[in-house]
Each structure stands twice: as structure tokens, then as C-alpha cells.
Amino acid sequence: MSYPLVCLGNPLLDLQVDVEKSYLDKYDLKENDAILVEEKHMPVFDEVLKMDGVKLVAGGAAQNTARGAQYVLPANSVLYFGSVGKDVYADKLSEANKSVGLTTSYMVQDDIATGKCAALINGQNRSLLSSN
């Protein structure tokens, strides 16, 4: 199959959820901050994935561009390439892209994790935690 537009980048799964200030405090996180996760923050991703109201969105600059382009172009016009881990986050990422009609061709790797970003929203404040 031929695609008029092909994008390549570092795919991320964005996990957006409303949290109380106490949740930020639990992990020593600041409001309106953006950090690369440390080992102590890693449980956040599994916890957020199970929270009520979590929104899962395919992210990363090139993947965002691909999703936007597919939105305005005819069906099956855009193909996105990237590398993900063999984990639940890659599965959720594929589902998020499929829901908006974006075709993906991920290289699935056994020894790395899928990149992800948790957006913890507390009122008008947000704290971003990125991995990979």
C-alpha cells in the first residue's frame, strides 16, 4: 500500500488525568512542572492507567503531526513509524491511533519500554512526567 505522507518519530502515549494535590505530594511533584521520571516516579504510569477518567492520547511531535494530517486528509493517507516496547502502553498507543484512523507500523522491541508522558492535572495546574 502506498501512503502520500509518511512520518517517523519517537512515539509517546500521553496519559491525562485529574488528580488531587495529595497525589502530587505522594511523589514529590510540583504543580506546573515538567520532568523526566526517576525510578521513584515509575509507579505513576501504572496507577494513572487504572484511574477513572484517564484519557489516552497518542503523542510525540511527529505522531501528533501524523494524527493531525490524517484528520484532514482522505482515509489511509498517512503512515507513522516509530519504536515501542512490548508492553500495555504500546497496545494503548495503537488503539488510540486506530480510533482516529492513523495507520502505524511500530518496531516492537523486547528490551525497551514504550515512551509515555503522564499529565497530572490539578485544577488549573498540571505536572508532566515523561519517560524515554
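This is a short tour of the chain, from the whole fold to its core and then to two loop residues.

**The whole chain**

Keep in mind as you look around that this is a predicted model. Show the chain as a cartoon and colour it from the N terminus. You will pass four helices and eight strands, in the order β-β-α-β-α-β-α-β-α-β-β-β. Turn the view along the principal axes, and the C-alpha atoms fill a box of roughly 50 × 35 × 25 Å. The radius of gyration is 15 Å, which agrees with the value near 14 Å for a compact globule of 132 residues.

Next, turn on contacts. Among those with a separation of 6 or more, 75% join residues 24 or more positions apart.

**The surface**

Switch to a surface view. The chain exposes about 7500 Å², and carbon and sulfur atoms supply 52% of that area. Now colour by charge: there are 12 positive and 17 negative charges, and their mean positions lie 3 Å apart.

**The core**

Hide the surface and go inside, since buried residues make up 41% of the 132 residues. Which residues of the largest nonpolar core touch the most other members? Select Val44, Leu120 and Leu129, which do so in a core of 30 residues. To see where the core comes from, select β2 (12-18), α1 (21-26), α2 (43-49), α3 (61-72), β5 (78-85), α4 (88-99) and β7 (115-122); each supplies at least two of its residues.

Now centre on Val44. Leaving aside neighbours within four places in sequence, what is Val44 in contact with? Show the side chains of Tyr23, Tyr27, Ala118, Leu120 and Leu129 to see these partners.

**Asn32**

Move to the loop between α1 and β3 (33-36), where you will find Asn32. Is Asn32 buried or exposed? Its relative accessibility is 53%, so Asn32 counts as exposed. Beyond residues up to four places away in sequence, Asn32 touches Gln124, Asn125, Arg126 and Ser127. For a longer view, draw a distance from Asn32 to Val57: they are 25 residues apart in sequence and 20 Å apart in space, C-alpha to C-alpha. Check the backbone too, because phi of Asn32 is near 55°, a positive value in a residue other than glycine.

**Asn76**

For the last stop, select Asn76 in the loop between α3 and β5. Asn76 has a positive phi of about 60° although it is not a glycine. With a relative accessibility of 43%, Asn76 counts as partly exposed.

Conventions
Residues are numbered from 1 along each chain as its sequence is written. This is a predicted model: local features need pLDDT of at least 70, side-chain atom pairs count only at pLDDT 80 or more; totals for chains, interfaces and linings use all residues. Side-chain values use heavy atoms; hydrogens and water are left out. The radius of gyration is taken over C-alpha atoms; the globule rule is 2.2 Å times the number of residues to the power 0.38. Buried means under 20% relative accessible area, exposed over 50%, partly exposed in between (1.4 Å probe, protein chains only). Contact means heavy atoms within 4.5 Å. Accessible areas come from the Shrake-Rupley method with a 1.4 Å probe; for residues, only the protein chains shown count as cover. Lys and Arg count as positive and Asp and Glu as negative; His and the chain ends are not counted. The place of a charge is taken as NZ of Lys, CZ of Arg, CG of Asp or CD of Glu. A nonpolar core is a set of buried Ala, Val, Leu, Ile, Met, Phe, Trp, Tyr and Cys residues joined through side-chain atoms within 4.5 Å.
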